[in-house]
Amino acid sequence: MPLLLTLLLTITGCTTIQLEPLPDGMTEQPPAEWAARSAELTRFNHWLLSGKLAVKQPSDSGTAVINRWQQRNEVYELALSSSFLGMGSTQLKGVPGYIHLTMPNGDSYQSSEPEKLIKAATGWQLPIDNLTWWIKGLPAPDGDFRLLFDEQNKLAILEQDGWEIRYDRWHSFVDSLPELPARITALKDDKRVRVVISHWQRED
């Protein structure tokens, strides 16, 4: 079955997320244009963005500038800079299930477990593989999920893999595309990851 069709069936299908009462004003009923919108954003897979990243967790907190996040299909390259914990200028390159991390001092590390490597190197829990989907306002292809829409028919909350992603702000970054997230907040237990996007462009 083609990948796109598989994804669309997944997006529109039922989930096995443990359901809790809906927040006031929220609905699980997708708007009529949701399937078309999801398909369009799924095809939007060559892009470049910049912005800021903030991580808050019990052990520490910090922020970083996203100088460059380039995505070409499943391949991502992130250039981050931060004075937090001596993180300095850090480069992340990878695909789902693999990451190459270069630290400010030139040391580099590779792993088939991206989240564990990022945590070991920076102390941050960053769900990078799923984040490449969540950042576009889409669930990642693997795993159950739950979508909640607000009274304006915009995606407000996405629940997947133990994370709750809140879509705080949307913006028309790219002509001919639906609005894209301008700020998202991902929460898991006592950890929080916030991404604020200041610029986003298509790179076809």
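Start by selecting Asp 161 in the hairpin of β8 and β9, where two residues lie between the strands and Asp 161 takes a positive phi near 55°. Strands here, E runs of at least two residues, and helices, H or I runs of at least four, are DSSP runs numbered from the N terminus. The model is a predicted one, in which local features need pLDDT of at least 70 and side-chain atom pairs count only at pLDDT 80 or more, while totals for chains, interfaces and linings use all residues. Residues are numbered from 1 along each chain as its sequence is written, and side-chain values use heavy atoms, with hydrogens and water left out.

**From β8 to β10**

Extend the selection to β8 (residues 155-160) and β9 (residues 163-171), which pair in the antiparallel sense over four bridges; two strands are said to pair if DSSP finds at least two bridges between them. Within this pair, Leu 158 stands opposite Ile 165 in β9. Next add β10 (residues 180-188), which runs antiparallel to β9 and is joined to β9 by seven bridges, with Pro 181 in β10 as the bridge partner of Trp 170.

**The loops on either side of β10**

Which residue in the loop between β9 and β10 should be selected next? Ser 176 has its place there, and its phi is near 75°, a positive value in a residue other than glycine. Ser 176 is exposed, with a relative accessible area of 59%, where exposed means over 50% relative accessible area, buried means under 20%, and partly exposed lies in between, for a 1.4 Å probe and protein chains only.

Val 174 is also found in the loop between β9 and β10, but at 9% relative accessibility Val 174 counts as buried. Show the neighbours of Val 174: not counting residues up to four places away in sequence, Val 174 touches Phe 44, Leu 180, Trp 200, Gln 201 and Arg 202, contact being heavy atoms within 4.5 Å. Val 174 and Trp 200 are 26 residues apart in sequence, yet their C-alpha atoms are 7.0 Å apart in space.

Beyond β10, move to Asp 189, which is found in the loop between β10 and β11 (191-202). Phi of Asp 189 is near 55°, again a positive value in a residue other than glycine, and at 72% relative accessibility Asp 189 counts as exposed.

**Trp 200 and the core**

Now centre the view on Trp 200, whose contacts, leaving aside neighbours within four places in sequence, include Phe 44, Trp 47, Leu 48, Ile 135, Phe 173 and Pro 181. Trp 200 is also one of the residues that touch the most other members in the largest nonpolar core, which holds 47 residues; the others are Leu 53, Trp 69, Ile 135 and Val 195. A nonpolar core is a set of buried Ala, Val, Leu, Ile, Met, Phe, Trp, Tyr and Cys residues joined through side-chain atoms within 4.5 Å.

**Leu 41**

Is Leu 41 in helix α2 (residues 34-43) buried or exposed? Leu 41 is buried, with a relative accessible area of 0%. Leaving aside neighbours within four places in sequence, Leu 41 is in contact with Lys 136, Leu 138, Pro 178 and Leu 180. The C-alpha atoms of Leu 41 and Leu 138 are separated by 7.9 Å, although the two residues are 97 residues apart along the chain.

**β2, β3 and β4**

Select β2 and β3 next, which run antiparallel and are joined by seven bridges, with Tyr 76 in β3 as the bridge partner of Gln 71. The hairpin they form has two residues between the strands, and Asn 73 in the turn has a positive phi of about 55°. On adding β4 (residues 88-95), seven bridges are found between β3 and β4, which run antiparallel, and Lys 93 in β4 is the bridge partner of Glu 77.

**A cavity to finish**

Finally, select Leu 53, Ile 66, Trp 69, Leu 78, Leu 80, Ile 128, Leu 131 and Val 195, which line the second largest cavity. A cavity is a set of points, on a 1 Å grid over the protein atoms alone, where a 1.4 Å probe fits but cannot get out, and lining residues have an atom within 4 Å of a point. About 30 Å³ of space lies in this cavity, and β2 (61-72), β3 (75-82) and α4 (128-134) each supply at least two residues of the lining.

Notes: On a 1 Å grid over the protein atoms alone, a cavity is a set of points where a 1.4 Å probe fits but cannot get out, and a pocket is an open set with protein on both sides within 12 Å along at least five of seven lines; lining residues have an atom within 4 Å of a point. Grid points are joined across faces, edges and corners, and a volume is the space filled by probe spheres set on the points.
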